[in-house]
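This report describes a single protein chain. Please look over the sequence and the model before reading on.

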Amino acid sequence: GAHVNEEDFLLLELLDWFKTSFFHWVNSLPCSRCGGQTEPKSDYLSPTDDDLRWDASRVENHYCNQCQLCNRFPRYNNPEKLLETRRGRCGEWANCFTLCCRAVGLEARYVWDYTDHVWTEVYSSSQKRWLHCDPCENVCDKPLLYEIGWGKKLSYIIAFSKDEVVDVTWRYSCKHEEVLSRRTALSEATLRETINALNR
């Protein structure tokens, strides 16, 4: 069996706490004026200076049909601000969860999937490997979740840590030939050269 230690159990507890008690998923905001349900519109609102200070270059417009108020939903990227707002979608979840992992002493990195999802990986010193952690789903070490569970057609999955950038696509797939056939945005050699240049 796999060797686990207290850090691994801490990670599982942190994942559960983050999903069930701390962070909140947002599809549409409740109206800030009347409390009614809002509907996200396709147009974006202009970010304020304060939004930009907290790395929110996109501000969604959540329109209330009851009182006709445009509710602003800045998509913050700054983890300090996310500790305050405690809401968002997968980008905000992964960003803030990665910070929380680092804050309790876990080595964590942010993982970006070209097919529109992000999550976290945490290094397990007892298992001597990176563990897939998706705070939106409260799952740990289920790397085939997206390809097999969700039916995603994966192509590029890149991990970003404080020390390096790594192409981690292959650990998230059991259909390597299919994935390789979809990796057409740039040549494999160019991808390797780019990652190597970033890691210098």
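The sections below cover a helix, aromatic contacts, charges over rings, empty space and a few backbone features.

## Basis

The structure is a predicted model. Every value in this report is computed from its atoms, and residues are numbered from 1 along the chain as the sequence is written.

## Helix H4

Helix H4 runs over residues 90-103 and has 14 residues. From its first C-alpha to its last, H4 reaches 20 Å, close to the 20 Å expected at 1.5 Å a residue. After the helix comes Gly-105, with a positive phi near 95°.

H4 is mostly covered, as ten of its 14 residues are buried. The buried set contains four cysteines, namely Cys-90, Cys-96, Cys-100 and Cys-101. The other buried residues of H4 are Glu-92, Trp-93, Ala-94, Asn-95, Phe-97 and Thr-98.

## Aromatic contacts

The structure holds 16 aromatic pairs. In one of them, Phe-18 and Phe-23 are stacked, with 5.0 Å centre to centre and 15° between the planes. Phe-18 counts as buried because its relative accessibility is 0%, and Phe-23 is buried as well, with a relative accessible area of 2%.

Trp-25 and Trp-93 form another pair, here tilted, at 6.1 Å centre to centre and 50° between the planes. Trp-25 lies in strand S1 (residues 24-25) and Trp-93 in helix H4, so this pair ties together parts that are 68 residues apart in sequence. What is the exposure of Trp-25, and what is that of Trp-93? Trp-25 counts as partly exposed, at 42% relative accessibility, whereas Trp-93 is buried, with a relative accessible area of 2%. Ring pairs join both tryptophans to Trp-17, Phe-18, Phe-22, Phe-23 and Phe-97 in a cluster.

## Charges over rings

Two placements of a basic side chain over an aromatic face can be described. Lys-81 lies over the face of Tyr-76, at 5.5 Å from the ring centre. Arg-109 lies over the face of Trp-130, at 3.9 Å from the ring centre.

## Cavity

Rolling a probe the size of a water molecule over the atoms shows where empty space is left. A search of the whole structure finds one cavity of 30 Å³ or more. The volume of the largest cavity is about 40 Å³.

Which residues line the largest cavity? The lining consists of Phe-73, Pro-74, Tyr-76, Leu-82, Thr-85, Arg-87 and Glu-92. Strand S4 (70-74) and helix H3 (79-85) are the elements that give two or more residues to this lining. By class, the residues of the cavity lining divide into four nonpolar, one polar and two charged. Tyr-76, whose face has Lys-81 over it, is one of the lining residues. Glu-92, another residue of the lining, is among the buried residues of H4.

## Largest pocket

The largest pocket has a volume of about 310 Å³. It is lined by 17 residues, and the closest to its centre are Arg-58, Arg-75, Cys-90, Gly-91 and Glu-92. Glu-92 also belongs to the lining of the largest cavity.

Which element gives the most to the lining of the largest pocket? Helix H4 does, with four residues. Strand S6 (108-113) and strand S7 (117-124) each supply at least two residues, as H4 does. The lining of the largest pocket has five nonpolar, five polar and seven charged residues.

## Positive phi outside glycine

Asp-55 has a positive phi, near 60°, in a residue other than glycine. Asp-55 is placed in the loop between helix H2 (49-53) and strand S3 (59-64). With a relative accessibility of 40%, Asp-55 counts as partly exposed.

Asn-138 is not a glycine either, yet its phi is positive, at about 55°. The residue is found in the loop between strand S8 (129-134) and strand S9 (139-140). Asn-138 counts as partly exposed because its relative accessibility is 27%, and partly exposed covers values between the limits of 20% and 50%.

## Lys-41 and Val-179

Lys-41 lies in strand S2 (residues 38-45) and is partly exposed, with a relative accessible area of 33%. Between Lys-41 and Val-179 there are 33 Å in space, C-alpha to C-alpha, and the two are 138 residues apart in sequence.

Definitions and conventions. Predicted model: local features only at pLDDT ≥ 70, side-chain atom pairs only at ≥ 80, totals over all residues. Heavy atoms only, no water. 1 Å grid on protein atoms, 1.4 Å probe; cavity = no way out; pocket = protein on both sides within 12 Å on 5 of 7 lines; lining within 4 Å. Points joined across faces, edges and corners; volume = space filled by probe spheres on them. Nonpolar A, V, L, I, M, F, W, Y, C, P; charged D, E, K, R; others polar. Expected span 1.5 Å × (residues − 1). Buried < 20%, exposed > 50% of the residue type's maximum accessible area, 1.4 Å probe, protein only. Phe/Tyr/Trp six-rings, centres within 6.5 Å; stacked < 30°, edge-to-face > 60°. Lys NZ or Arg CZ within 6 Å of the ring centre and 35° of its normal.
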